[in-house]
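Subject: Structure handover and notes

Dear colleague,

I am passing on the structure below, with notes on helix packing, cavities and backbone geometry. Please read the notes with the structure open beside them.

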Amino acid sequence: MTSKTNTFNSPQSARWGRALSNFKSANHMRRAKRWLTPGMGIKRWFALFAACTFIGALGFLHFTWTGPLHFVATRWILWLNNFTEPEVLPLWVVGSVVMALSLAGAFTAITMLNRSLLRSVGTDPGEAVNVIYSRTTLARGPRVVAVGGGTGLSNVLSGLKAYSSNLTAVVTVSDDGGSSGRLREALDMIAPGDLTDCYAALSDSPVLARLLLHRFARGEGIEGHTFGNLLLATLSEEQGGLGGAMQEIHEVLNVRGAVYPATTQPATLIARLKNGQEVRGESHLADWGGGDGSAVSAGAVGIEEVRLEPPNLPTLSAVTQAIEGAELIVLGPGSLFTSIIPALLVPGIQAAICASSAPLVYVASIMTEPGETDDLTLDDHLRMIERHLGRFPDLVVVNNEAVPSTVQARYRETGAVLIAPHSQDPRIRSSLRHSPMLLSGHAHHDPHKLALVLVGLLSNGHSRWHSFQSRSKQG
């Protein structure tokens with residue numbers, strides 16, 4: 001008993017208590033500020049409530065003083081006056097106290113009524129402000145389409161969701177390795193892995209996001225699969241493909257924005273190398289055998305171009321509509337040949353991006369992708385995008401924060417090296433936008449720093465961009 005008492009009274013416990021108290025206070029302040037965010041539809045109704053309450057009080061006072069309740073009001077006032085001495089405290093103070101207490105009671109009743117209503121429809125009252133903020137303020141955010149796959153796309157989405165709910169992720173689905181590859185082979189479906197990552201990134205439910213990414217470590221048949229992959233496989237099997245289940249998925253997973261596959265038909269990525277040989281399947285690029293039994297990767301030989309088979313792949317109309325209405329189109333960050341370019345090879349997506357007047361932004365990779373982009377420079381990445389898409393990126397976002405030597409050494413052990421954030425091409429140099437975006441301890445982009453840069457490009461340069469576009473068309 002003594003040890004417990006000492007523990008709870010220790011300086012460390014006191015510090016933890018103060019830290020917890022400070023955290024709760026900061027959390028309450030954040031909620032209060034969010035309630036006052038412009039566009040929430042809260043302040044106007046609160047002001048109307050206050051005005052109506054004041055006018056109603058004046059009307060009631062007039063009614064009681066001039067109507068049949070005059071006698072009751074007089075008795076009430078005389079009774080309240082017994083609680084103070086006019087020489088010590090003015091009589092009107094008593095009325096003010098009673099009015100304040102009644103208003104506090106009214107606000108408490110309204111608050112508890114709202115909490116009861118929210119609980120009855122399955123909404124946590126503590127999260128009500130976040131739900132309203134998401135559906136009002138964020139609904140007026142910029143329309144952004146992000147194209148790619150892997151952790152790069154999910155990272156940029158997790159950062160952008162703090163600024164807008166008008167997000168559309170167009171996800172590469174040609175992966176044929178790991179859990180996705182097994183499900184593709186067993187069910188003849190599109191690869192679900194990168195879709196799962198994006199759904200988790202955009203889900204407004206932390207619990208669902210965690211469950212989607214849960215990977216089974218045991219169990220015959222399900223070992224190695226994530227819950228999200230199995231969920232998408234189930235919906236694909238039930239609906240005859242994921243194309244018809246998109247709306248249901250967005251509603252079930254409470255997604256802020258939309259996530260769509262680049263194509264609804266299974267496709268195989270084929271890379272043609274500089275020596276004329278071909279590698280089938282993106283999972284084989286890094287461990288390609290060279291055709292003669294030698295241990296060599298496709299990136300070491302050099303990838304000339306990639307294509308999808310079959311070539312005329314369909315895409316959802318929602319994808320092309322999102323691209324047509326986009327204010328910003330983002331490519332990457334992510335693996336050039338296995339995450340970004342495969343989505344650009346779908347004819348509908350390619351045509352929509354080339355026809356769009358929205359600025360096309362490429363988020364440059366920080367490191368090379370072992371076995372894929374070995375020895376490729378920043379200029380090489382951009383020329384590959386132009387070659388496969390038919391349009392050169394208008395802006396290139398490049399990290400200029402130094403990657404620690406210890407981090408570089410760790411990545412070098414896997415075959416990845418730093419990509420110099422510079423260009424020798426005048427056309428590319430004019431489109432570069434440098435900014436510190438490094439995730440501490442890694443050679444990846446920090447989602448929040450990257451999102452801030454992208455939103456800043458749009459908000460600061462939006463009018464200038466359209467002015468430039470107009471002048472270009474006139475010229």
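The axes of helix α15 (residues 336-344) and helix α17 (residues 378-389) come within 9 Å of each other and cross at roughly 30 degrees, where helices (H or I, at least four residues) and strands (E, at least two) are DSSP runs numbered from the N terminus, and where axes are lines fitted to C-alpha atoms, for helices over the stretch in contact, with angles running from 0 to 180 degrees between N-to-C directions. The two helices α15 and α17 are therefore roughly parallel (angles under 35 degrees count as roughly parallel, over 145 as roughly antiparallel, 65 to 115 as roughly perpendicular and the rest as oblique). The crossing of α15 past α17 is right-handed, the near helix being turned clockwise from the far one by less than a right angle, whereas an anticlockwise turn would make a crossing left-handed. On the α15 side the contact (heavy atoms within 4.5 Å) is made by Leu-336, Phe-337, Ile-341 and Leu-344, and on the α17 side by His-381, Met-384, Ile-385, His-388 and Leu-389. These contact residues comprise 7 nonpolar, 2 polar and no charged, with Ala, Val, Leu, Ile, Met, Phe, Trp, Tyr, Cys and Pro counted as nonpolar, Asp, Glu, Lys and Arg as charged, and the others, Gly among them, as polar.

Please keep in mind that this is a predicted model, in which local features need pLDDT of at least 70 and side-chain atom pairs count only at pLDDT 80 or more, while totals for chains, interfaces and linings use all residues. Residues are numbered from 1 along each chain as its sequence is written, and side-chain values use heavy atoms, with hydrogens and water left out.

Two further helix pairs deserve a look. The axes of α7 (residues 150-160) and α9 come within 8 Å and cross at roughly 15 degrees, and these helices are therefore roughly parallel, with a right-handed crossing. Their contact involves Gly-150, Leu-153, Ser-154, Leu-157 and Ser-158 of α7 together with Asp-194, Asp-197, Cys-198, Ala-201 and Leu-202 of α9, which by class gives 5 nonpolar, 3 polar and 2 charged residues. For α14 and α16 (residues 347-355), the axes come within 9 Å and cross at roughly 15 degrees, and the crossing is right-handed.

As for internal space, the search of the whole structure finds 2 cavities of 30 Å³ or more; on a 1 Å grid over the protein atoms alone, a cavity is a set of points where a 1.4 Å probe fits but cannot get out, and lining residues have an atom within 4 Å of a point. Grid points are joined across faces, edges and corners, and a volume is the space filled by probe spheres set on the points. The largest cavity has a volume of about 50 Å³, and its lining includes Thr-172, Ala-262, Leu-308 and Pro-342. The second largest holds about 40 Å³, and its lining has 8 nonpolar, 1 polar and no charged residues.

Finally, the backbone. Cis peptide bonds join Glu-309 to Pro-310, with omega of about 5 degrees, and Gly-332 to Pro-333, with omega of about 0 degrees. Pro-310 sits in the loop between β6 (303-309) and α14 (317-324), and Pro-333 in the loop between β7 (328-331) and α15.

With best wishes

How values were computed:
1 Å grid on protein atoms, 1.4 Å probe; cavity = no way out; pocket = protein on both sides within 12 Å on 5 of 7 lines; lining within 4 Å.
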